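I opened the notebook to record what I looked up, beginning with one chain and then turning to the contacts it makes.

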Amino acid sequence: MNGKNLSATTVGFGLSVVITSVLSTILMIIKETHEETVMAWMRKATPHHWITHGVIVVALFVVLGLLLSKTGGGKGVEMKSSLLAGLLAAAAALSFVAISGFYLLE
Amino acid sequence: MSHLILMLHPMLGMLAILAAGWLFVETRHVDAQNGQRIISLSNVTAILVWISYIVAGYWYVVFYAPEKAVILKGPWPFAHNYFMETKEHVFFVLLLLATYLPIAARDDLTGKSPARSLTGWVACLVALLGIMMEGYGAFISMGVKLGALPH
């Protein structure tokens with residue numbers, strides 16, 4: 001246990017959701033603005049760029065979650081639940097606003 | 001058959017919203033009776049969102065192209081250009097949160113523990129994003145309908 005009773009796994013994978021959501025949004029913007037390079041590679045890697053995007057997101061979530069859960073000599077990251085909940089809500093809101101804004105302006 | 005596959009997507013999504021809403025309510029007061037129910041509900045929510053994702057992803061990759069063409073030629077091209085594009089990318093956030101739900105629910109939720117409040121927040125976010133997905137899906141459906149009508 002760490003922080004205020006949140007387990008290392010709960011904090012680690014929670015932070016992984018936050019980071020992966022933001023990185024997924026950045027990847028969306030990069031692939032849409034780099035059709036010839038990034039998007040072309042994502043289309044080649046699997047039958048559809050969206051499948052490649054999903055594979056990257058899920059793999060990143062698992063890897064980051066495991067790493068963040070084991071950091072600090074296995075104790076994980078210390079964080080209050082209110083901060084983690086706020087970060088999760090902020091990441092979801094930021095992703096929605098950025099993705100929406102990108103396609104509205106495109 | 002492809003349309004039956006498509007209809008599974010909002011149906012599973014709606015069930016996931018209900019499960020997440022139920023889970024949120026259960027986290028308001030955790031005791032010995034509902035601890036296992038919370039874990040089961042978190043599993044059910046995650047499984048429903050994942051099946052919804054796989055079903056919709058299969059349909060999107062295999063069957064969506066002709067409907068996309070109909071939308072883009074119709075009076076509501078934004079049903080694809082904005083609603084579908086946004087939905088397919090925001091969905092990843094929902095998928096991550098739903099996958100995280102069973103992890104958070106397995107922490108110590110008894111009493112006024114921080115994990116109890118966190119699990120409730122995540123369930124709430126899953127339900128809200130799920131509702132948003134349903135709404136965006138309705139716009140996409142209407143975009144196809146309007147595109148298919150004589151105009």
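Which pattern does chain A follow when read along the sequence? I noted first that this is a predicted model, and then that chain A follows the pattern α-α-α-α, with four helices and zero strands.

I next looked up the extent of the chain: the C-alpha atoms of chain A fill a box of roughly 45 × 30 × 15 Å along the principal axes. Of the 106 residues in chain A, buried residues make up 35%. Among the contacts in chain A with a separation of 6 or more, I found that 74% come from residues 24 or more positions apart.

I then turned to the partner chain, where 33 residues of chain A are in contact with 28 residues of chain B. Helix H1 (8-33), helix H3 (49-70) and helix H4 (81-105) of chain A each supply at least two residues of the side that touches chain B, and H4(A) gives the most, with twelve residues. By class, I listed 18 nonpolar, 13 polar and two charged residues on that side of chain A.

My last search was for the largest nonpolar core, which has 66 residues, and A:Leu88, B:Leu94 and B:Val122 are among those with the most contacts inside it. Two or more residues of this core come from each of H1, H3 and H4 of chain A, and likewise from each of H1, H2, H3 and H4 of chain B, while H3(B) gives the largest share, 18 residues.

Following A:Leu88 further, and leaving aside its neighbours within four places in sequence, I found it in contact with A:Gly14, A:Val17 and A:Val18, as well as with B:Trp121, B:Val122 and B:Leu125.

Notes. Residues numbered from 1 in each chain as written. Chains lettered and ligands numbered in written order. Predicted model: local features only at pLDDT ≥ 70, side-chain atom pairs only at ≥ 80, totals over all residues. Buried ≥ 20, exposed ≤ 12 C-beta atoms within 10 Å, placed from the backbone. Contact = placed C-beta atoms within 7 Å. Nonpolar A, V, L, I, M, F, W, Y, C, P; charged D, E, K, R; others polar. Core = buried A, V, L, I, M, F, W, Y, C linked by C-beta atoms within 7 Å.
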